[in-house]
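User: Hi! Could you walk me through this one with me?

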Amino acid sequence: MASRRLTSATMTAGVLVSAACFALAIVLELAGGDTSGGRMSDLSAMLDGLVAMAPWAWAGVGTYVLIVTPALALVATTFEYWRAGNRAAAGLAVLVLLVLLLGCLVAVVR
Amino acid sequence: VSSVLVAFLVAIGAGGFGSLVGIGGGIVIVPLLTVALGHDVKTAIAASLIGVIATSLSASPRFLRSGLVDRQLGLLLLVAAALGGLAGGVTAGYLDGRLLTLLFGLLLVLVALQMLREILRPDQPPAVDETDQAPGLSSSYVEPTSGEVVAYRVRRVVPGTLLSFLAGNVSGLLGVGGGVINVPVMNLLMHVPIRVATTTSTYMLAATAVASSIVYLDAGRIDPLLAAPVALGIIIGARLGARLAMRVSQDALRLAFMGVALVLAMSMIREGLAP
C-alpha cells in the first residue's frame with residue numbers, strides 16, 4: 001500500500017501557510033492598513049504590496065498558495081504510488097494534474 | 001464595521017452551519033454574500049471556491065492518515081470531476097450573473113427538498129455482501145468506531161464517473177463543493193460505504209475547485225480581500241461545527257437549514273428573474 005504521509009504533509013503545510021497569510025491580511029486590514037486592492041494577476045504589484053504590508057497582497061499570496069497546494073499534493077501522490085509500484089494509480093494522479101494544466105491553458109487562451 | 005471582518009464572521013457562521021448539517025460551507029456562503037452583503041454573484045462564487053479548497057485541504061490529511069479515503073477511486077472520479085469543474089468555470093464566465101443567481105436559488109431548493117426527504121425517509125445504505133462476485137473495484141477500510149475491517153466492492157464505475165463530471169460542473173458553475181452530488185452517487189449508486197464516500201468526496205473537492213478557480217482567477221473574479229476572510233472563516237466555522245454536531249439534533253438543524261435555504265432561495269430566484 002502506498003504511503004499517504006507526503007500527500008498529507010503537503011496539504012497540511014499548504015493550509016497552514018495560506019491561513020497564516022489570510023490571518024495577517026485580516027489583522028493588517030483591521031489595523032487600518034492600506035485598503036486599496038489590486039489585481040491578483042499583477043504579480044509585481046503584489047510583490048510591492050507584500051513589502052508595503054498591504055492586506056490585499058498578503059491575502060493574494062494566501063490564495064495562490066491554496067490554489068497551488070492541491071496540485072503539489074497530486075505530485076506527492078504520484079511519487080508515493082510510483083515508489084509503491086502502483087503505476088495505474090500514479091497514472092491517474094498524472095491525468096488529474098494534466099486536467100489542471102489544461103485549465104491553465106484554457107485560462108491563457110481565453 | 002470593516003467589510004473584511006463582516007465577511008469573516010459570516011463565513012464562520014456559514015462554515016459552522018454547513019458542517020453541522022453536513023453540506024459544507026459553500027452552499028451557505030454564496031447566498032449570504034450575495035443576498036445579505038450585496039456582493040456580485042460571480043465574485044461570491046469565486047470566493048466560495050477558495051473556501052471549498054481550504055475546507056478540503058484542512059480535513060483531508062486526517063482522513064488520509066486514518067485510511068478512510070479510497071484514494072484510487074477518488075483519483076479516478078477526480079479526472080471527470082476536475083474536467084467538469086473546468087467546464088463549469090468556463091461556462092460561468094459566459095453566463096449572465098442573474099442566471100447564475102437563479103440557478104443557485106434552484107439548487108438551494110433542491111438541497112432543501114433532499115434534506116426533507118432524508119428527514120422523512122433516511123437512505124438505507126446498501127448492505128455489503130461478502131459472497132458477491134460481481135465485477136468491480138475491491139477495497140476495504142477499518143471502521144473507527146469498532147476497529148472492524150469492512151470490505152466493499154465499487155460498482156457502476158462508468159455512470160459514477162459521468163456523474164462526477166456533473167458534480168464538478170455544478171461546483172465550478174455555482175461555487176459549491178459538489179458533495180451534494182458526489183456522496184449519494186458513491187454511496188447509493190456505486191455501493192461505497194457512507195463513511196468512505198464522505199471522506200473521499202472531501203478529498204476530491206480541492207482539486208475539483210482548483211480546476212474552476214484557475215478560470216475565475218484569470219477572469220479577475222477572485223477578490224483576495226473577500227476570499228481570505230471567507231476561506232479562513234469557513235475553516236474555523238467547520239471545525240466549530242464538527243465539535244458541536246454531536247450535541248445538537250440533526251433533524252432540528254436540517255429543518256432550520258431548510259427554512260433559511262428557502263428564504264435565501266426565494267430571494268435569489270426573485271433577483272434572478274427580475275427584469
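**Cavities, a pocket and a helix pair**

Analyst: Happy to. In chain B, α2 (26-36) and α10 (250-273) each supply at least two residues of the lining of the second largest cavity. Helices here are DSSP runs of H or I with at least four residues, strands are runs of E with at least two, and both are numbered from the N terminus. This is a predicted model, where local features need pLDDT of at least 70, side-chain atom pairs count only at pLDDT 80 or more, and totals for chains, interfaces and linings use all residues. Residues are numbered from 1 along each chain as its sequence is written, chains are lettered from A in the order in which they are written, and side-chain values use heavy atoms, without hydrogens and water.

User: Which of the two helices, α2(B) or α10(B), gives the largest share of that lining?

Analyst: α10(B), with four residues. Phe257(B), Val260(B), Ala261(B) and Leu264(B) are among the lining residues. On a 1 Å grid over the protein atoms alone, a cavity is a set of points where a 1.4 Å probe fits but cannot get out, while a pocket is an open set with protein on both sides within 12 Å along at least five of seven lines; lining residues have an atom within 4 Å of a point.

User: What's the volume of the second largest cavity?

Analyst: About 40 Å³, counting the space filled by probe spheres set on the points, with grid points joined across faces, edges and corners.

User: And what lines the largest cavity?

Analyst: Residues from both chains, including Met11(A), Leu74(A), Leu78(B) and Tyr203(B). α3(A) provides the largest share, four residues, and the cavity holds about 80 Å³.

User: Switching to pockets: which element gives the most to the lining of the second largest one?

Analyst: β1(B), with six residues. That pocket has a volume of about 480 Å³, and Arg4(A), Asp70(B), Arg71(B), Gln72(B) and Ser139(B) lie nearest its centre.

User: In what sense does β1(B) pair with β2(B)?

Analyst: Antiparallel, over six bridges; strands pair if DSSP finds at least two bridges between them. The two form a hairpin with six residues between them, and Gly147(B) in the turn has a positive phi of about 75°.

User: Last one: at what angle do α4(B) and α6(B) pack?

Analyst: About 35°, with the axes 6 Å apart. Axes are lines fitted to C-alpha atoms, for helices over the stretch in contact, and angles run from 0 to 180 degrees between N-to-C directions.
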